[in-house]
Amino acid sequence: MSSTVVSTQQAEIEETMKRIQTHKGVHGFVVMSNDGSFVRSTIDNSTTMSLTGLIRTLSDKAKSCVRDLDPQNDLTFLRIRTKKQEILVAPDKDYLTIVLQANEQH
Amino acid sequence: MRVLSSTLPSFYIPNRCYSSGATRKTATATAPRTTRGFPKLIENDQDVTPKRLIDPEQYYNKVKDSVLTHDASSTPSEIGYSTVQPQVFSATKSMIGLSHGGAPNSHGTDAESFPSDHDNDQLAQSDAMHGIPDEESLTSMDGETPQPSLTLSETETIFILSMDSCIVAEDATEVETIKQQNERYIELCKSRQGSDLFNERGMNTFNSTVKNKEIQCERINSQSREAYASTADMYDSERGESKIILSTNTHETQTIDDGPLRTDATRSVGSGIDKSHGTRLSDQSIDETMRKPIVAKTTNTETELPETFDSSKIATIAFVMERILNLNTNQGKQAVYRGLTPLDKEEKGITYAGLALDKLFAYSADITSNKNVSALTWNQKNPDLLAVGYGPFEYNDQRDGLVCCWSLKNQDFPERFYHTPCAATAVAFSSKFPSLLAVGLFDGTVNVYNVQNNNDTPLLDTEEVPGKHTAPVWQLCWLGVEKSRDDDTGEVLMSVSTDGRVTQWLLRKGFESNDYIRLKRILSKQTIQRRDGGKEQKISKSENLLYRSSGGLCFDICPDDKMIYLCGTEEGLIHQCSLGNNEQYLDTYSGHSGPIYRLAWSPLAKGVFLSSSADWTVSLWVVGRPQPCITFASRKKPVFDICWSPKSATMFCCANEEAVEVWDISKNTLEPVDVITAGQQQIFTSITYSPNSECVLAGTNIGAVVVYNLKNLPEPATVDQLMEIIKQQTQHLSLPEDGTSKAIANMKPKENIPMTHGK
C-alpha cells in the first residue's frame with residue numbers, strides 16, 4: 001500500500017515539476033543532490049555544473065548565517081534577483097532545487 | 001688533588017661483588033664469565049639461548065691488555081674505538097638487541113660509586129658489564145620461558161672513602177686542636193710541591209667508544225584538522241544532533257590543501273557535514289503557511305540518479321517553488337486581491353469612474369477545462385481556500401464530476417482535486433471541523449471529504465444509507481447543534497434535494513438521516529389567484545394528488561435565528577420553515593414564476609432576504625410580507641446565483657447567464673451599478689464574495705472561476721439605509737406592514753400590486 005501511495009505521490013510531484021518547468025518565464029530548472037551531482041536539469045550541462053557548484057556554496061553560507069543568528073531558525077528559501085533574471089533556490093534535507101525565472105517586466 | 005670520577009649509572013646485579021682497585025680488572029673480567037650461570041634456553045630440543053651481542057671475551061682481552069699497559073697519557077677511548085667491533089650481532093630471537101646496540105658500549109665502563117663531595121683517591125675502575133647485554137637479551141625473551149625476574153636499578157652509592165667535613169662551633173672544646181690540625185694541613189699542602197713524599201701522577205678513565213646508531217621508522221604524517229563550530233553547531237550538539245565530524249576524506253583534503261581562509265573552512269566544514277551525513281544541520285522541516293502535502297521520505301539514493309531518484313523527496317520544495325513562481329508572475333494581482341498596493345505603479349490606462357469590476361485572474365487548470373462550475377464555497381478557517389464543485393446542471397449531459405480546492409497562492413493548479421462519479425452540485429465546508437468538505441452529487445449522494453489529503457475516496461458517503469436522496473442535492477449546509485449523544489460531533493449536515501426533502505444528516509458511525517421537512521406542494525389560494533388569475537381550486541387539488549412533494553432547490557438558514565430557514569422550490573414558492581417543525585410551513589412567499597435558484601438572507605439586515613429565480617428576476621423580501629418588496633430584473637436570462645455583499649447592506653451581486661452584475665440598491669433599483677458581460681463561450685453560473693478581500697468570484701461553464709476586483713467601492717451602506725429604501729419602495733405597495741404573522745394561508749387583502757419592474 002505504501003508503495004502505491006509513494007508512486008502516486010511521485011506522479012504528482014512529477015506533474016508539479018512539469019508545471020514548474022512550463023511556468024511563465026522559467027528558463028531553467030535544476031534539482032541537485034547533496035553530493036553535488038545534479039538529478040534533473042533543463043539547461044545545458046556546463047552551465048548546470050557551474051551553477052550547482054556556486055549556488056551550493058552560497059546556499060550553505062546563507063544557511064549557516066541564518067542559523068548562527070538563531071540556531072532554531074533555518075533557511076527555507078533564497079531568492080537572488082539579478083538584472084537579467086531571478087534565481088530561486090530552495091534548499092532541503094537531501095536536495096537543492098534551483099529555478100531561473102525571467103524578471104517580470106511590467 | 002685531582003678528582004676523577006665517572007657518573008655512569010650502575011646496574012645492580014645480584015650476586016656480584018666488586019672490590020676496588022686494579023684487582024678488579026682481572027677479577028671482574030673473569031668473574032662474570034665464570035659466575036654467569038646463564039640459563040640455557042632449550043626449546044624443541046634446540047638451543048635457543050640468545051647469543052651475546054658482543055663477544056665479551058674479545059673485548060675483555062683487549063681491555064685487559066690495554067689497561068695493564070695503561071699509560072696516563074693515552075686515552076683509552078682510542079683503544080676502545082680501535083678494538084671494539086660492535087657489529088658482532090648474531091640473530092637473536094628478539095631484535096631488541098638492535099636498540100641496545102649502543103648499550104654495550106655505553107655500558108662499557110661502569111662506575112661503582114660516585115658522588116660524594118669528597119674525593120676518591122682511586123677511582124674504581126670499571127669493567128665492561130658484559131653481562132648486561134646478556135641480561136637484556138634475557139629480559140627480551142620474556143614470553144618464551146619464564147626467566148628469573150631482573151630488576152635493573154641504580155645501586156646505592158658505595159662509599160669507599162669518605163671524609164666528611166664537619167663544622168665546629170667556635171666555642172667548642174676542641175677548637176684549639178682542630179685549628180692546629182687545619183694549620184698543619186695547610187702547611188702540608190704548601191710543602192707538597194717539592195717534597196719527596198708526594199708524587200704526582202695522572203690518571204685517566206676509559207672513555208667508552210661512541211657509536212652512532214640510526215633507526216628509521218615509518219613516516220609520521222601530520223595533518224591539521226580544524227573544525228569551526230558556529231552557533232548553530234553548538235546548538236545542534238547540545239541537542240545531540242551534532243554532525244561535526246572531521247573524518248571525511250574530502251574534508252581532509254580541503255583542510256590540507258586549501259588555505260586557512262575562514263570561508264573555506266566554513267565551506268569545508270559545512271560541506272563535510274553535509275556529505276558525511278547527507279543531512280542538514282537542522283532537522284526542522286520547512287515551515288509552511290499552507291497545509292503540507294505528505295512529507296517526503298528521506299531514503300538517500302545517490303547511486304544511479306535518474307533511475308532511483310525519488311521525486312517525493314522534493315515534494316516540499318516543489319510545492320514551495322511552484323508557489324513562489326506563481327507569486328512572481330502574479331504578484332500584482334495577488335496584492336490587489338489582498339488589498340495591498342501592487343509593486344508596479346504604472347497605470348493600466350483604464351481608470352474607473354464609479355464602482356467597477358476589474359478582472360484579476362482566474363482559477364483554471366487543465367483538469368477543470370470545460371467543466372461547469374456549479375458551486376462555490378469558502379473554507380471557514382482559511383479564507384483563502386475555495387472549494388469549487390464542477391458539474392453540469394442538466395440531466396442529459398452527465399459526466400464525471402470534479403471538486404477542487406483552490407488557493408490564492410496557486411492559480412494554475414488546485415490544491416486538491418477529487419473526482420466524483422457524477423456531477424457535483426453542492427459543496428459546503430464544515431465550520432466545526434474545517435477540513436471536512438461535504439459534496440452533494442447529481443445522483444443524490446452526499447460525500448464528505450477530508451481535504452487534508454488528496455484522496456479521491458470520500459471519508460463518508462450516503463451511498464448505502466437508506467435515507468439517501470434520490471434526486472440531485474442542490475444545497476448543503478453544516479449546522480452546529482447540541483450534542484444529543486456522546487458520540488455526536490456537534491454538527492449536522494443539512495441538504496435539500498429535488499426529491500422534496502430537506503434532510504438532516506448526522507455523522508455518527510456513518511450517515512444517519514432525519515428529515516427536517518418534506519416539501520409538500522401547496523398552492524394557496526393566494527398563489528393561484530395571483531398567478532393564474534382564475535384557476536379553480538380543484539385543479540390545485542388534483543395537482544396535490546399527483547405531485548405530493550415539490551422539489552427543493554435551495555435553502556438558507558436565518559443568521560439571526562438558527563431555527564428558521566427558508567426553502568425555495570421548483571414552482572417558485574419560498575417556504576419559511578422551522579427546524580423543529582417538520583409538518584408545516586411557517587410561511588410562504590410567492591412572487592416568482594419560476595424555480596428559485598438561490599436564497600440569501602442579508603447578513604446585515606434582519607429579516608431581509610433575496611431570491612433569484614429562473615424567471616429572470618431577483619426579488620427582495622422582508623419577512624412577513626408575502627410579496628416581494630423590490631424586484632430586480634435586467635436581463636432576459638435566468639439568474640443562477642446571488643450573493644450579498646458582506647460589508648455593505650445595500651449591495652449584492654448576481655450571476656446571470658450572460659453577465660455578472662453588481663447592484664446597489666441605494667443607487668439604483670432599476671439597473672445594476674456595474675456589469676461584466678460574459679464572452680461568447682462562457683456563461684456565469686455561480687458567484688460569491690470573497691470573505692477577506694474586495695473581490696467577487698464568478699464561476700463559468702468552461703471551468704474557470706474568475707476573480708473580479710471591485711474598484712472604487714462607495715462607503716458601505718448601513719442597514720438603516722436599506723430599511724429606508726425598502727420602506728420607500730413598499731409605500732408604493734399599499735400593504736400594511738405585518739411583520740409577525742406566521743400562518744400559512746395568510747389571507748391578506750389582495751390588491752393589484754404594480755410590480756416595480758424595470759423593464
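**Reading contacts, burial and folds, turn by turn**

Colleague: Leaving aside its neighbours within four places in sequence, which residues is A:N103 in contact with?

Modeller: Contact means that heavy atoms lie within 4.5 Å. With neighbours within four places in sequence set aside, A:N103 is in contact with A:R81, A:T82, A:K83, A:K84, A:Q85 and A:E86. One of these partners, A:T82, is 21 residues away from A:N103 in sequence, with 8.3 Å between the two C-alpha atoms.

Colleague: Before we go on, what kind of model is this?

Modeller: It is a predicted model, in which local features need pLDDT of at least 70 and side-chain atom pairs count only at pLDDT 80 or more, while totals for chains, interfaces and linings use all residues. Residues are numbered from 1 along each chain as its sequence is written, chains are lettered from A and ligands numbered from 1 in the order in which they are written, and side-chain values use heavy atoms, with hydrogens and water left out.

Colleague: Where does A:N103 lie in chain A?

Modeller: Helices (H or I, at least four residues) and strands (E, at least two) are DSSP runs, numbered from the N terminus. A:N103 lies in the segment after β5 (95-102) of chain A.

Colleague: What is the pattern of chain A, read along the sequence?

Modeller: Chain A follows α-β-β-α-β-β-β, with two helices and five strands. For chain B, the secondary structure comes to 15 helices and 30 strands.

Colleague: Is A:N103 buried or exposed?

Modeller: Buried means under 20% relative accessible area and exposed over 50%, with partly exposed in between (1.4 Å probe, protein chains only). A:N103 is buried because its relative accessible area is 15%. Looking at whole chains, 47% of the 106 residues of chain A count as buried, and buried residues make up 48% of the 759 residues in chain B.

Colleague: What do contacts between residues far along the sequence look like in each chain?

Modeller: Take the contacts between residues at least 6 apart in sequence, and ask what share joins residues at least 24 apart. That share is 36% in chain A and 56% in chain B.

Colleague: Let's try a residue of chain B. Which residues does B:N326 touch, not counting residues up to four places away in sequence?

Modeller: B:N326 touches one residue of the other chain, A:H23, together with B:Q331, B:Q334, B:K409, B:N410, B:Q411 and B:D412. Its place is in helix α12 (residues 315-338) of chain B. B:N326 counts as buried because its relative accessibility is 0%. Separation along the chain is another thing to look at: B:N326 and B:L408 are 82 residues apart in sequence, yet their C-alpha atoms are 9.6 Å apart in space.

Colleague: B:Q411 is among those partners. Where is its place in chain B?

Modeller: B:Q411 sits in the loop between β6 (401-406) and β7 (416-420). B:Q411 counts as buried because its relative accessibility is 5%. Beyond its neighbours within four places in sequence, the contacts of B:Q411 are B:N326, B:N330, B:Q334, B:F361, B:A362, B:Y363, B:S364 and B:W406.

Colleague: What should I look for at B:W616?

Modeller: Look at the backbone angle: B:W616 has a positive phi of about 75° although it is not a glycine. B:W616 is placed in the loop between β21 (608-613) and β22 (617-622) of chain B. With a relative accessible area of 39%, B:W616 is partly exposed.

Colleague: Which residues is B:V168 in contact with, leaving aside its neighbours within four places in sequence?

Modeller: The partners of B:V168 are B:V175 and B:I178. The C-alpha atoms of B:V168 and B:I178 are separated by 8.7 Å, and the two residues are ten apart along the chain. You will find B:V168 in the loop between α6 (131-139) and α7 (175-190) of chain B. Its relative accessibility is 32%, so B:V168 counts as partly exposed.

Colleague: One last recap: which element holds B:N326, and which loop holds B:Q411?

Modeller: Helix α12 of chain B holds B:N326, and the loop between β6 and β7 of chain B holds B:Q411. The two residues touch each other.
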